[in-house]
Amino acid sequence: MPRLSHTVTGVPQSGIREIMNLAAGRQDVVRLEVGEPLFATPSHIVEAAIRALRDGFTRYTPNAGLPSVREAICARMERDYGVRIGPDSVCVTVGGVGGISSALRAAVDAGDEVLIPDPGWPNYYMMAVVAGAIPRRYPLRPQNGYLPDLDELRSMVGPRTRVLVVNSPSNPLGTVFPPTLVEALVDFAYAHDLILISDEVYDRIVYEGTHRTACACDPDGRVVSVFSASKTYAMTGWRVGYAIAAEGMVRQMAKLQEAYVSCAPAPAQKALEAALTGPQDCVDAMCRTYRENRDLTCQLLTERGIPHRRPEGAFYVWIRVGCRDSTEFARRLLTRYRVALAPGGTFGPSGEGYVRVSLVSPPDAIREGVVRLVEAIGTLAGQTGGCEA
Ligand code: PLP
């Protein structure tokens with residue numbers, strides 16, 4: 001085979017994937033690595049998609065999405081956040097991934113720098129590299145409540161810095177930024193002339209605190225707030241999300257969609273419309289389950305003295321296991337204790353020594369998985385580079 005792009009072949013494979021592949025097909029493994037709801041998509045959404053298919057929504061749509069879907073998104077932004085926008089400020093995308101990657105691609109030229117969270121969702125790193133940009137990780141430190149530190153961010157901004165990526169509610173930390181911090185981050189982006197890409201795909205999965213959308217305080221068209229149907233409505237496989245941005249940014253994102261995906265799938269767009277305009281009690285019910293699982297997990301960990309972060313949002317618990325090689329820890333945990341979870345190092349160098357447990361599994365599985373994890377920490381953490389916990 002002729003040689004392929006160095007840029008693409010040089011991007012590392014996700015460490016979570018490795019664990020998922022090792023766990024695949026094994027009935028005896030407790031699955032706590034999963035990053036998606038295990039609920040079925042609510043039936044009124046499925047029915048709407050079937051109706052849409054019968055009604056002929058089987059073709060390309062405009063690059064930025066069907067007009068009725070963009071209208072439904074505008075109504076949702078006003079209802080939930082008091083944000084008044086027109087459809088030209090909305091781009092319907094192929095999941096949240098599609099919104100983040102095209103906003104990033106539209107913002108940078110080769111060699112520009114992108115500030116990404118550490119620990120943070122691994123795809124930011126991949127997306128920046130593939131766009132020809134240079135990812136720079138800003139640390140989220142436990143002593144600062146795992147929130148971005150503006151002084152530290154300031155020290156990282158250079159002449160080539162173009163984008164700041166933020167994520168709240170956070171994967172993997174479960175932090176929900178206080179509204180004042182969201183405003184301060186937007187001010188920061190303004191002061192340093194950066195584009196702020198605000199990943200808000202977990203915006204509806206909040207247990208404590210209030211989610212403030214960054215686009216609500218955009219001073220001059222520099223904020224891109226990204227949302228998704230995936231987590232909110234248990235629709236990961238449908239591949240539909242949306243971004244709210246300045247019209248000029250939306251035009252460029254739509255152009256990029258023409259190049260890469262044409263548009264989000266038409267039936268999935270109609271399903272998103274039904275999700276946004278239909279009853280919302282399904283979202284509340286799913287959140288209640290995640291919250292119960294959170295309480296159970298944190299209680300088990302607290303009782304056994306394992307340091308962890310109690311999440312206010314998203315559906316993950318960040319646990320300190322005190323090993324130096326979290327991937328090796330996760331591999332051994334899987335083979336010896338039959339528990340799959342996400343190694344912290346996958347989320348960036350600051351994640352070493354930690355693992356991420358997902359709260360989407362049934363309570364019995366969570367209980368069993370956490371008990372086995374606790375048992376493993378004493379032995380395995382030592383074997384995988386010294387236990388500091
Ligand atoms: N952002 C974060 C922080 C995520 O965890 C994910 C998925 O795991 C996404 C974005 C993208 O999700 P989707 O493309 O399914 O909307």
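Where in the chain is the place of Asp193? In this predicted model, Asp193 is found in the loop between H8 and E6, and its phi is near 55 degrees, a positive value in a residue other than glycine. The residue is partly exposed, with a relative accessible area of 48%. A phi near 55 degrees is also computed for Ala314, which is placed in the loop between strand E9 (308–309) and strand E10 (316–320). Ala314, however, counts as buried, its relative accessibility being 0%. Most residues other than glycine have a negative phi, and most peptide bonds are trans.

Two cis peptide bonds can be described alongside these backbone features. The bond from Asp118 to Pro119 is cis, with omega near 5 degrees, and Pro119 is situated in the loop between strand E3 (113–118) and H6. Asn171 and Pro172 are likewise joined by a cis peptide bond, for which omega is about 20 degrees; Pro172 belongs to the loop between E5 and H8.

The protein chain is divided into domain 1, which comprises residues 6–40 and 281–381, and domain 2, which comprises residues 43–277. The centres of domain 1 and domain 2, taken over C-alpha atoms, are separated by 25 Å, and the contact takes 31 residues from domain 1 and 36 residues from domain 2. The largest nonpolar core has 124 residues, and those with the most contacts inside it are Ile73 and Leu164. Helix H11 (residues 281–303) gives the most to this core, contributing nine residues. Because domain 1 and domain 2 both give residues to this core, it lies between them. When residues up to four places away in sequence are not counted, Leu164 touches Leu115, Tyr138, Leu153, Leu185, Phe188, Leu194, Ile195, Leu196 and Ile197.

Turning to charged side chains, the structure holds 25 salt bridges. One of them is formed by the side chains of Arg331 and Glu18, with an N to O distance of 2.6 Å. This pair links distant parts of the chain, since Arg331 is in helix H12 (residues 326–337) and Glu18 is in helix H2 (residues 15–23), 313 residues apart. Both partners are partly exposed, Arg331 with a relative accessible area of 30% and Glu18 at 27% relative accessibility. The side chains of Asp28 and Arg338 also meet in a salt bridge, at 3.8 Å from N to O. Asp28 lies in the loop between H2 and strand E1 (30–31), whereas Arg338 lies in the loop between H12 and strand E11 (339–340), so the pair ties together parts that are 310 residues apart in sequence. Here too the partners are partly exposed, with relative accessible areas of 38% for Asp28 and 30% for Arg338.

A further salt bridge connects Arg141 with Glu152, the closest N and O atoms being 2.5 Å apart. Arg141 is located in the loop between strand E4 (134–139) and helix H7 (150–156), and Glu152 in helix H7, 11 residues apart. Arg141 counts as partly exposed at 34% relative accessibility, as does Glu152 at 21%. In addition, Glu208, Arg291, Arg294, Asp295 and Arg310 are linked in a network of salt bridges.

With regard to empty space, about 1200 Å³ lies in the largest pocket. This pocket is lined by 43 residues, of which Val97, Trp121, Asn123, Met127 and Arg239 lie nearest its centre. At least two residues of the lining are supplied by each of H2, helix H5 (95–107), helix H6 (123–130) and helix H9 (247–260), and the largest share, eight residues, comes from H5.

The count of cavities of 30 Å³ or more comes to three, and the largest cavity holds about 60 Å³ of space. The lining of the largest cavity includes Val166, Asn167, Ser168, Phe177, Val182 and Leu185, together with Leu196, Ser198, Glu200, His211, Arg212 and Ala214. The elements that give two or more residues to this lining are strand E5 (161–167), helix H8 (179–191) and strand E6 (195–199). Among the residues lining the cavity, Leu185 and Leu196 are also among those touched by Leu164.

Technical notes:
Residues numbered from 1 in each chain as written. Predicted model: local features only at pLDDT ≥ 70, side-chain atom pairs only at ≥ 80, totals over all residues. Heavy atoms only, no water. Salt bridge = Lys/Arg side-chain N within 4 Å of Asp/Glu carboxyl O. Helix = DSSP H or I, 4+ residues; strand = E, 2+ residues; numbered from the N terminus. Buried < 20%, exposed > 50% of the residue type's maximum accessible area, 1.4 Å probe, protein only. Core = buried A, V, L, I, M, F, W, Y, C linked by side-chain atoms within 4.5 Å. Domains from an automatic or database assignment. Contact = heavy atoms within 4.5 Å. 1 Å grid on protein atoms, 1.4 Å probe; cavity = no way out; pocket = protein on both sides within 12 Å on 5 of 7 lines; lining within 4 Å. Points joined across faces, edges and corners; volume = space filled by probe spheres on them.
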